[in-house]
Amino acid sequence: MLELYHHGSSVCAAKVRLILAEKNLEWTGHYLDILAGEQFNPDYLKLNPKAVVPTLIHDGEVITESTIICEYLDDAFTGHPLKPAEALPRARMRYWTKLVDEEVHPAVRPVTYVSTHRHTILKRSQAEVEEHIERDPDPMWRERKRGWIFDGFDAPDVRQAVLFFDHLLKRMDAILASHEWLTGNTYTMADSALTPYVNRLDMLGFADMWSPHHHLRRWFDQVRNRPSFEPALFQYLPEDLRNDMRSRGRQAWPEVKKLLDNKT
Ligand SMILES: N[C@@H](CCC(=O)N[C@@H](CS)C(=O)NCC(=O)O)C(=O)O
C-alpha cells in the first residue's frame, strides 16, 4: 500500500504525484495544510523531521525527499519506466533532478512566499506569525522564511531567485531546441521534475518570463497534454488557494518584471 503525505500547492508533492500518475499507481493521500502549519505536528515530525512534504509510506516503510521518492517508485514498480535505460541519458536525467533539488527548489520557495503565501500567513496575529516561523526546525530556512514573510520582495534572496529562473528557462529552451524532452527523445523523470516549477510560474501569471522561448513553450504544452498533468498538479489544489495564488501572482508580476528589467 502506498500512502502520500502531501499538499495541493507543494511543488515537491506534485513531482511525486506526477510519477504516481505516470506509473498508474494507486495511492492514499494524507493532506497536510502546510500554510496552517500542520507539517509541524509532532506525529508528522516523527516521519519527516524536516517538517516538509512529501513523505511516502510504502507498506509501512517511510521514504522522504521527493527526488528519492520518485526514483524509489520507478525502481519498485513496473509500468512506464521514467529513468532512461542507458547510462548517458540516465546521467543527463540526474543532472536535471539534482539541479531541481539544489537550485530550482530553493529558488521557488522565495518566489512563491513573497508573491502569495506571505499574504495568507500575514492574515494571522504577529504572535501567530512568529510562532509559525519559529516552528520550522531548520534554522537556515527559518531565517529566510522570516525575510520572505515580513519583507516580501525586499528580502535579500528574492532578486537572486527571480534571476535564477530567468537563466534556467533559457537553459531549458536551449536544450529543448535539439531534443523533444529534456534528456532526449523520451519523457523521463527530468521532465516530471521540472514540470511543477514551470507550472508554478505559469500559475502565478509569470508566463511572460518564457514567451520568447518557443522550444520551452512547446515542451510545456506537451507536458500539459499528458494525462498525468491535471490530476497531479490541480486535483488536490483547493479552488480558493488556486484562485488566491493566481490573483496574488498577477499583483506581484510588476515587482518580478522590475527585477528582470534591472538584471545588472
Ligand atoms: N528537499 C525536500 C523539500 C521539501 C519541501 O521544501 N517541501 C515544501 C513544499 S514544496 C514544504 O513542505 N514546505 C513547508 C513550509 O514551507 O513550511 C524534498 O524534495 O522533499
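**View 1. Lys-145 holds a side-chain N or O atom 2.7 Å from an oxygen atom of the ligand.** You are looking at a predicted model, in which local features need pLDDT of at least 70, side-chain atom pairs count only at pLDDT 80 or more, and totals for chains, interfaces and linings use all residues. Residues are numbered from 1 along each chain as its sequence is written, and side-chain values use heavy atoms, without hydrogens or water. Ser-66 also reaches the ligand, with a polar side-chain atom 2.6 Å from a ligand oxygen. Val-53 takes part through its backbone, where a polar atom is 2.8 Å from an oxygen atom of the ligand. (Such polar contacts are pairs of N or O atoms within 3.5 Å.)

**View 2. A wider look at the ligand shows 14 residues around it.** Which of these 14 come nearest? They are Glu-65, Ser-66, His-105, Tyr-113 and Lys-145. (A residue is near if one of its heavy atoms lies within 4 Å.) Two names from the previous view return here: Ser-66, with its 2.6 Å distance to a ligand oxygen, and Lys-145, with its 2.7 Å distance.

**View 3. The largest pocket has a volume of about 660 Å³.** Of the 29 lining residues, Cys-12, Val-52, Val-53, His-105 and Arg-109 are closest to the centre of the pocket. (On a 1 Å grid over protein atoms alone, a pocket is an open set of points with protein on both sides within 12 Å along at least five of seven lines; a cavity is a set where a 1.4 Å probe fits but cannot get out; lining residues have an atom within 4 Å of a point.) Where does the largest pocket lie? It lies between domain 1 (2-76) and domain 2 (87-261), because both give residues to the lining. (The domain bounds come from an automatic or database assignment.) Helix H4 (87-121) makes the largest contribution to this lining, eight residues. At least two residues each come from H1, H4 and helix H6 (139-151). (Helices, of at least four residues, and strands, of at least two, are DSSP runs numbered from the N terminus.) Sorted by class, the lining of the largest pocket holds twelve nonpolar, eight polar and nine charged residues.

**View 4. The cis peptide bond between Val-53 and Pro-54 has an omega of about 10°.** Pro-54 belongs to the loop between helix H2 (42-47) and strand S3 (55-58). Val-53 is a familiar residue: its backbone contacts a ligand oxygen at 2.8 Å, and it is among the residues closest to the centre of the largest pocket. Ala-51 sits in the loop between H2 and S3 too. Its phi is near 60°, a positive value in a residue other than glycine. Is Ala-51 buried or exposed? Ala-51 is buried, at 6% relative accessibility. (Buried means under 20% relative accessible area and exposed over 50%, with a 1.4 Å probe and protein chains only.)

**View 5. Asn-24 is another residue other than glycine with a positive phi, near 55°.** Look for Asn-24 in the loop between H1 and strand S2 (28-31). With a relative accessible area of 69%, Asn-24 is exposed.

**View 6. The second largest pocket encloses about 160 Å³ of space.** Its lining is made of His-7, Tyr-31, Asp-33, Leu-35, Thr-120, Lys-123, Pro-238, Asp-240, Leu-241 and Asp-244. Helix H11 (residues 239-261) supplies the most, three residues. The classes here are four nonpolar, two polar and four charged. Because domain 1 (2-76) and domain 2 (87-261) both contribute lining residues, the second largest pocket lies between them. Leu-35, one of the lining residues, is found in the loop between S2 and H2. At 7% relative accessible area, Leu-35 is buried. From Leu-35 to Ala-190 the C-alpha distance is 28 Å, with their positions 155 residues apart in sequence.

**View 7. A search of the whole structure turns up one cavity of 30 Å³ or more.** This largest cavity has a volume of about 70 Å³. Gly-8, Ser-9, Ser-10, Val-11, Ala-14, Pro-196, Asn-199, Arg-200, Met-203, Leu-233 and Leu-237 line it. Helix H1 (11-22) and helix H8 (189-203) are the elements that give two or more residues, and H8 provides the largest share, four. By class, six of the lining residues are nonpolar, four polar and one charged. Domain 1 (2-76) and domain 2 (87-261) each give at least three residues to the cavity lining.

Note on methods: Points joined across faces, edges and corners; volume = space filled by probe spheres on them. Nonpolar A, V, L, I, M, F, W, Y, C, P; charged D, E, K, R; others polar. Polar contact = N/O pair within 3.5 Å; in protein donor to acceptor, adjacent residues only side chain to side chain.
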